[in-house]
Amino acid sequence: MGNILECAYLTKDYKGIRALDHLTFAIPDEGKIVGLLGTNGSGKTTLIKLIAGLLTPTSGTLTVAEKPIGTETKALVAYLPDTHFLNESFSVTQEVEYYKDFFADFDEARAWKMIDELGVGRNQKVRALSKGTKEKLGLILTLARNAKLYIFDEPIAGVDPAAREYILRVIEENKRQDATMIICTHLIGDIEPVLDYVLFLQAGRIVLAGGANDIRKGEGKTIDQLFREVFRW
């Protein structure tokens, strides 16, 4: 079994500002839910955009399923950004049709099962949905892909507690042994119960990495408590 994700001295600069500083780590291909944890500005979004193939590194290497970032890896990665990306003029059905046409690994039956459970009308326009329901629909469309690596950028930020609970439940219920999920967030208390592995990112560097249970036992603290200590200003 290889690594689903591997970085070696990965560095990214923006006009002289270093966002990622020689990151070196690996995540085994073991079907885990991984927390990419850090404050705003720690480099989380830069890292996941590099993984998704939306940015190019300044130096270092990055591979997904032992393949360099490119066309092959983009077909393996399902990415849910932290910004609204649905077409407001589309109906729910049109969004599903769009995903089905665009992604060869899209499971239409699975998408409709989750959408119907959500209670959203198939002919309802996206613009008529609440913010929380739009977040849920975006999550469902992403999870309906049969990807090897799922990346969720702040999936529970800006939504009410009920929507957070729904989103985390759906993520956990759709966890597969043949796929890895990365949740990028600073809301540790909410996501801690679903995490198998954590990466603490600070100023573009990994400051802590390991199994969630191992860290809790070794430190005698919850991941949330430890996060607050590490990132205390």
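Helices (H or I, at least four residues) and strands (E, at least two) are DSSP runs, numbered from the N terminus. This is a predicted model, in which local features need pLDDT of at least 70 and side-chain atom pairs count only at pLDDT 80 or more, while totals for chains, interfaces and linings use all residues. Residues are numbered from 1 along each chain as its sequence is written, and side-chain values use heavy atoms, with hydrogens and water left out.

**View 1. The whole chain has 9 helices and 10 strands.** The radius of gyration (taken over C-alpha atoms) is 18 Å, and the globule rule (2.2 Å times the number of residues to the power 0.38) gives 17 Å for 233 residues, so the chain is as compact as a globular protein of that length. Its C-alpha atoms fill a box of roughly 50 × 40 × 40 Å along the principal axes. Of the 233 residues, 50% are buried, where buried means under 20% relative accessible area, exposed over 50%, and partly exposed in between (1.4 Å probe, protein chains only).

**View 2. Meet K125, a residue in the loop between α4 (108-118) and α5 (131-143).** K125 counts as partly exposed because its relative accessibility is 32%. Which residues does K125 touch, leaving aside its neighbours within four places in sequence? They are S89, F90, S91 and Q94, with contact meaning heavy atoms within 4.5 Å. K125 and F90 are 35 residues apart in sequence, yet 5.8 Å apart in space, C-alpha to C-alpha.

**View 3. Here is the largest pocket, with about 480 Å³ of space.** A pocket is an open set of points on a 1 Å grid over the protein atoms alone, where a 1.4 Å probe fits, with protein on both sides within 12 Å along at least five of seven lines; lining residues have an atom within 4 Å of a point. Its volume is the space filled by probe spheres set on the points, which are joined across faces, edges and corners. The lining has 18 residues, and Y79, Y99, F102, F103 and R145 lie nearest the centre. Helix α3 gives the most, 4 residues. By class, the lining has 13 nonpolar, 2 polar and 3 charged residues (nonpolar: Ala, Val, Leu, Ile, Met, Phe, Trp, Tyr, Cys and Pro; charged: Asp, Glu, Lys and Arg; polar: the others, Gly among them).

**View 4. The second largest pocket has a volume of about 190 Å³.** Among its 15 lining residues, T83, H84, F85, K134 and E135 are the closest to its centre. Helix α5 supplies the largest share of this lining, 5 residues. The classes here are 6 nonpolar, 3 polar and 6 charged.
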